[in-house]
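Dear colleague,

I am handing over the structure we spoke about, with the sequence alongside it. Please have it open while you read, since the notes below go through it element by element.

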Amino acid sequence: MAESLHCPNCNGAVESDKTQCEYCKARLKTVACPQCLGLMFLGSKFCDHCGAKASSVEVVDDEKAGDCPRCKRKLELLMIESIPVRECTRCGGLWTDVGTFESICVNKENHSAVLNFVTSRSAEIPAQPVINYVPCPECKELMNRSNFARSSGVIIDLCKKHGVWFDRDELPKIIDFIDKGGLARSREKEKIALEDERSRLRDEQRHHAMMERRSRGRAYDHEDDNSWGGFIAALFDLR
């Protein structure tokens, strides 16, 4: 049943099932309030039901937004605050370039803005069956699947050249993982693993050097008395 909401552009009263404001002709799209889950128009500053502040979201026309790798329908470019993401309105998947994903990960304010929007969308979009390998929306090559930070348990689809695809609810899980210190712990583990690997390589190099010096010493035993060069070189190596 349609309910009356306010157009985010002109504040006119418009039924929630309308896709265009009858007064100012602005495009309209409903999302769920992240607080009360009541319907509100995308771009509204506050929820009509509970008054909660909404993230600033703007739909941007973009002919090069690409197609959803799962549903094959055209993606929609959104500006969540100042963060550009491409969304599939059918399955709720999101596509970002690598730089945008990094800014979402490291910026707490971006965490909140994206999380509010994705949570509101997830409330109205049903979960879709997961297909393992999907093509990049830009180059159409099959993307790699990777456990984010190797320990998050969230498997993301990654094109190293163009960006990251998140199925519905994956990006909120990554943000939650980061907020709980998961990324910091993962980095610390990586540092320890890297130092262990460096130590192992140093041990191997010392072992090979020692074996080489021993080999040189044995070679001298079979040479005549005029072969002093190799022997002296070995003495210097032993130092």
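In what follows, two strands are said to pair if DSSP finds at least two bridges between them. With that in mind, and remembering that this is a predicted model, one can begin with Asn144, which stands opposite Leu158 in β10. Strands β9 and β10 run antiparallel and are joined by four bridges. On to the next pair: β10 and β11 are also antiparallel, with three bridges, and Asp157 has Trp165 of β11 opposite it. These two strands, β10 and β11, make a hairpin in which three residues lie between them.

The wider arrangement is an open sheet of seven strands, paired antiparallel, in the order β5-β6-β7-β8-β11-β10-β9. Its edges are β5 (57–60) and β9 (144–147), each of which pairs on one side only. On average, and with direction ignored, neighbouring strands of the sheet are turned by 30° against each other. Helix α3 (residues 170–179) packs on this sheet, where it touches β8, β10 (155–159) and β11 (163–166), and its direction makes about 105° with that of β11.

Further along the sheet, β7 pairs with strand β8 (residues 94–96) in the antiparallel sense over two bridges, and the bridge partner of Arg86 in β8 is Trp95. Glu87 also belongs to β7, which covers residues 83–87. Is Glu87 buried or exposed? Glu87 counts as buried, because its relative accessibility is 1% and the cut-off for buried is under 20%. Glu87 also lies 6.5 Å from Leu77, C-alpha to C-alpha, although the two are ten residues apart in sequence.

As for the interior, the largest nonpolar core has 31 residues, and those with the most contacts inside it are Phe101, Phe117, Phe148, Phe166 and Ile174. Two or more residues each are given to this core by β6 (76–80), β7, α1 (98–106), α2 (108–122), β11 and α3, with the largest share, five residues, coming from α3. If residues up to four places away in sequence are not counted, Phe148 touches Phe101, Cys105, Val154, Ile156, Ile174, Phe177, Ile178 and Leu183. Apart from the largest core lies another, of twelve residues, which includes Cys88, Val134, Cys136 and Cys159.

With best wishes

Methods. Residues numbered from 1 in each chain as written. Predicted model: local features only at pLDDT ≥ 70, side-chain atom pairs only at ≥ 80, totals over all residues. Heavy atoms only, no water. Buried < 20%, exposed > 50% of the residue type's maximum accessible area, 1.4 Å probe, protein only. Axes fitted to C-alpha atoms, helices over the stretch in contact; angles between N-to-C directions. Contact = heavy atoms within 4.5 Å. Core = buried A, V, L, I, M, F, W, Y, C linked by side-chain atoms within 4.5 Å.
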